Amino acid sequence: MRSTFDRPCHRLRARLVRPPRSRRVDDAGREPSRHAAVRRSGAPPPSAGAALCSRIGGARVLMTARATRKGPTTGGEESLGADVTAAYGALFFTLVAGNAPGLPGNILSPMPYFAALATCSIVIGSKRGLRNTEVEMISLKQGATAPIFLSFSLVGLYTLQRLDISLESFINGYFTILESVAGVTSLWPLHQAAAAKSGVLGKPVGTIDLSWISLESGETLPKEYGVKAGSVLLVLGCVALAVADRYGGENFTLNNLEACFIVTTWLELLGVNSFKTAVILLFGLLFYDVTWVFGSPKILELASRLLGGAGDFMPKNGSVMADVAMSPMLSTPTKFLFPRASALASSSSSSGFDFSLLGLGDVLVPGLLIGLLLRFDEQGSKEQNYFSSALAAYCIGLLVSFAASIVSSQGQPALLYLVPLTVGTAVFTAFKGSEFGDLWDYKASSKK
């Protein structure tokens with residue numbers, strides 16, 4: 001059985017080989033009402049053969065089959081939109097600007113740097129998720145149980161790290177594939193826009209046989225499918241970036257680029273099915289975050305006494321969360337990094353870890369709520385500013401969490417500040433517009 005967090009990858013494979021669907025209209029030629037519930041399709045899941053083939057095809061299937069889902073539009077196969085284009089530009093500018101002389105090591109630099117990367121990633125992922133016809137929705141039950149499963153996972157990783165059990169080869173291989181696919185998925189709209197304007201990038205360079213991939217309808221993809229030069233360059237470039245990140249030594253800018261790819265891809269493919277689910281998920285993960293940052297020493301001390309241990313299993317960096325995040329075993333793009341100020345690095349109890357960090361969970365989890373609010377805005381809210389208000393609240397919460405970290409000289413659970421501010425802003429906006437009932441009862445659908 002697939003876990004909740006395996007499903008976006010499954011959904012990505014399924015959407016690559018699914019034929020395009022027509023938009024539903026009523027007898028008058030109009031789309032259904034904005035707040036009308038959308039029934040789920042009764043179509044069977046993709047066949048095992050299609051899933052297996054899409055795994056084997058990997059980036060090659062992503063490179064070719066995804067384009068078959070979309071018809072041509074003005075200016076390219078997929079119009080980016082001014083806001084998404086601006087977000088891409090701001091993201092790349094921030095990554096480059098982070099290396100400017102005087103910024104690395106500055107005590108105040110991580111706050112705007114992380115806020116810019118996180119905000120741009122959320123905007124790109126949410127906007128693209130809005131246009132995605134196949135989003136895997138987290139249910140109320142899944143949202144409620146997520147903190148429990150994540151706690152087991154965290155303790156398992158902490159145990160492996162403390163017992164010096166090396167999984168380096170497996171982790172490097174896994175993240176090489178993940179980063180390559182996430183990179184291609186994230187940069188695909190930019191590639192489409194460039195290929196539409198450049199004769200060289202849009203020029204076919206050969207064909208591949210995709211007839212071995214079966215669609216749900218029983219049909220197969222073409223035996224001779226044209227491959228464009230830009231698609232080949234995109235795939236090769238993303239694979240090269242992933243390999244460089246995994247095997248080319250530590251580079252915080254490259255790590256952060258790959259982390260942005262992962263965030264935008266997951267926010268495009270994953271969502272929450274209702275505001276109720278979002279609230280339960282966010283506050284459950286807030287409790288999880290606070291427990292394993294502030295409460296883990298006491299939990300491990302109690303466990304050590306019960307098991308008759310000598311206390312050598314206690315966290316070295318103040319908490320289980322910090323030990324796992326700073327572990328060389330997990331030197332992966334699961335967090336944003338920025339060179340730590342020399343004064344903080346020298347006084348830190350962590351050995352050999354000279355970076356400030358922001359976990360991707362602190363971006364993805366609030367990003368799920370912000371993406372839901374964007375859907376609510378687009379489907380007929382009165383206020384029409386839930387998305388922008390929650391995004392602003394997220395930035396404020398991020399800055400407050402870093403300020404608290406500097407003042408207390410201790411790592412802070414960012415969700416402690418992010419969750420109340422983003423959820424509270426959404427609730428305030430709803431009451432202001434006299435539509436809290438609509439927001440609370442709102443159901444998002446994975447299919448449009």
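Which residue follows helix 8, and what is the sign of its phi? In this predicted model, helix 8 is followed by Gly249, whose phi is positive, near 95 degrees. The helix itself comprises 19 residues (229–247), and because a rise of 1.5 Å a residue leads to an expected span of 27 Å, the separation of 27 Å between its end C-alpha atoms agrees with expectation. Several positions of helix 8 are buried, namely Ala229, Gly230, Ser231, Leu234, Val235, Cys238, Ala242, Asp245 and Arg246, a list in which the charged residues Asp245 and Arg246 appear alongside nonpolar ones such as Leu234 and Val235.

With regard to the chain as a whole, 16 helices and six strands are assigned, and 49% of the 448 residues count as buried. Among the contacts in the chain with a separation of 6 or more, 79% are accounted for by residues 24 or more positions apart.

The packing of helix 4 (residues 82–97) was examined against two other helices. Against helix 5 (residues 110–131), helix 4 packs at an angle of about 150 degrees, and the two axes lie 9 Å apart; since angles over 145 degrees count as roughly antiparallel, helix 4 is therefore roughly antiparallel to helix 5. The crossing of this pair is left-handed. On the side of helix 4, the contact is made by Asp83, Val84, Ala87, Tyr88, Ala90, Leu91, Thr94 and Leu95, whereas helix 5 contributes Tyr113, Ala116, Leu117, Cys120, Ser121, Val123, Ile124, Lys127 and Arg128. By residue class, this contact of helix 4 with helix 5 divides into 12 nonpolar, two polar and three charged residues.

Against helix 9 (residues 252–269), helix 4 packs at an angle of about 160 degrees, with the axes 9 Å apart, which makes helix 4 roughly antiparallel to helix 9. The crossing of helix 4 and helix 9 is right-handed. Here Leu91, Phe92 and Leu95 of helix 4 meet Thr253, Asn256, Leu257 and Cys260 of helix 9, and the residues of this contact comprise five nonpolar, two polar and no charged. Leu91 and Leu95 of helix 4 take part in the contact with helix 5 and also in that with helix 9.

A further backbone feature concerns Ser434, which is located in the loop between helix 15 (415–432) and helix 16 (436–441). Most residues other than glycine have a negative phi, but phi of Ser434 is positive, near 55 degrees. Ser434 counts as exposed because its relative accessibility is 62%, the cut-off for exposed being over 50%.

Key: Residues are numbered from 1 along each chain as its sequence is written. This is a predicted model: local features need pLDDT of at least 70, side-chain atom pairs count only at pLDDT 80 or more; totals for chains, interfaces and linings use all residues. Side-chain values use heavy atoms; hydrogens and water are left out. Axes are lines fitted to C-alpha atoms, for helices over the stretch in contact, and angles run from 0 to 180 degrees between N-to-C directions. Helices (H or I, at least four residues) and strands (E, at least two) are DSSP runs, numbered from the N terminus. Angles under 35 degrees count as roughly parallel, over 145 as roughly antiparallel, 65 to 115 as roughly perpendicular and the rest as oblique. A crossing is left-handed if the near helix is turned anticlockwise from the far one by less than a right angle, and right-handed if clockwise. Contact means heavy atoms within 4.5 Å. The expected span of a helix is 1.5 Å times one less than its number of residues. Buried means under 20% relative accessible area, exposed over 50%, partly exposed in between (1.4 Å probe, protein chains only).
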